[in-house]
Amino acid sequence: MPRKEQGWVTFQTSEDERKILEEFCEQSQRTKTEILRELVRSLNQHTWASISSPTQQEKQEDAYIQKPDIESTIQKKSLKVSSRNILKGVVKRVVYGAVNSEVTLEIIHKVELISIITRASAEELELSEGKEVYAVIKSNDIVIARE
């Protein structure tokens with residue numbers, strides 16, 4: 001059966017476009033198919049007027065404007081989380097290490113929670129002092145000790 005009848009979509013790209021897609025796939029740890037499906041699905045969220053063909057002037061202006069990162073054009077959805085322990089807090093401090101980062105949240109006045117996450121995650125979340133975030137806690141065991 002031909003690929004077209006199996007639902008395959010193929011298209012030709014430049015070397016630069018292929019590199020951009022491959023780098024984005026590597027950074028996001030997703031396949032090309034996953035990325036392209038997400039992009040295609042996002043087309044439903046746009047009006048056809050906003051997708052009209054660019055004018056000659058717009059094409060010339062685009063040559064001088066840096067293109068946005070593909071990640072910024074993908075609309076992010078709010079997440080629903082199965083964990084029941086979700087605490088809203090404010091970032092009090094972020095200490096970046098070579099691999100991991102220590103993030104301190106103030107949940108309520110003088111109640112702090114410290115989490116160790118990867119540096120890449122802290123950077124992707126754009127964590128900085130004063131930013132409002134959520135701590136999602138999933139734990140099957142809580143160990144209590146005493147001397």
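**Group meeting: a walk through the predicted model**

Let me start with one residue: Val 81 is partly exposed, at 43% relative accessible area. You'll find Val 81 in the loop that runs between helix H4 (70–73) and strand S1 (85–96). Together with Leu 79, Ile 86, Tyr 134 and Val 136, Val 81 makes a nonpolar surface patch of about 520 Å². Keep in mind that this is a predicted model.

Okay, stepping back to the whole chain. We've got five helices and four strands, and from the N terminus the order goes α-α-α-α-β-β-β-α-β. Of the 147 residues, 12% count as buried. The chain exposes about 13400 Å², with carbon and sulfur atoms supplying 51% of that. On contacts: take the ones between residues at least 6 apart in sequence, and 41% of them join residues at least 24 apart.

So what makes up the largest nonpolar core? Seven residues: Val 91, Val 103, Leu 105, Ala 122, Leu 127, Val 133 and Ala 135. Strand S2 (100–108) and strand S4 (132–137) each put in at least two of those. If you click on Val 133, its contacts beyond four places in sequence include core members Val 91, Leu 105 and Leu 127, plus Leu 87, Lys 88 and Gly 89.

While we're on strand S2, look at Thr 104, which sits in that strand. Buried or exposed? Thr 104 is buried, at 0% relative accessibility. Leaving out residues up to four places away, Thr 104 touches Val 90, Val 91, Lys 92 and Arg 93, and also Glu 112, Leu 113 and Ile 114.

Now the charges. The count comes to six salt bridges, and I'll show three. Glu 132 pairs with Lys 88 at 3.3 Å, N to O. Glu 132 is in strand S4 and Lys 88 in strand S1, so this pair ties together parts 44 residues apart in sequence. Glu 132 is exposed at 53%, while Lys 88 is partly exposed at 43%.

Next, Glu 112 and Lys 92, whose closest N and O atoms are 2.5 Å apart. Here strand S3 (residues 111–118) supplies Glu 112 and strand S1 supplies Lys 92, so the link spans 20 residues of sequence. Both are partly exposed, Glu 112 at 37% and Lys 92 at 33%.

The third one is Glu 123 with Arg 119, at 2.8 Å, N to O. These two are four residues apart in helix H5 (residues 119–124), about one helical turn. One last thing to pull up: salt bridges with shared partners join Lys 92, Glu 106 and Glu 112 into one network.

Conventions
Residues numbered from 1 in each chain as written. Predicted model: local features only at pLDDT ≥ 70, side-chain atom pairs only at ≥ 80, totals over all residues. Heavy atoms only, no water. Core = buried A, V, L, I, M, F, W, Y, C linked by side-chain atoms within 4.5 Å. Buried < 20%, exposed > 50% of the residue type's maximum accessible area, 1.4 Å probe, protein only. Contact = heavy atoms within 4.5 Å. Areas by Shrake-Rupley, 256 points an atom, 1.4 Å probe, with all protein chains shown as cover. Patch = residues over 30% accessible without salt bridge, like charges linked within 9 Å, V, L, I, M, F, W, Y side chains within 5 Å. Salt bridge = Lys/Arg side-chain N within 4 Å of Asp/Glu carboxyl O.
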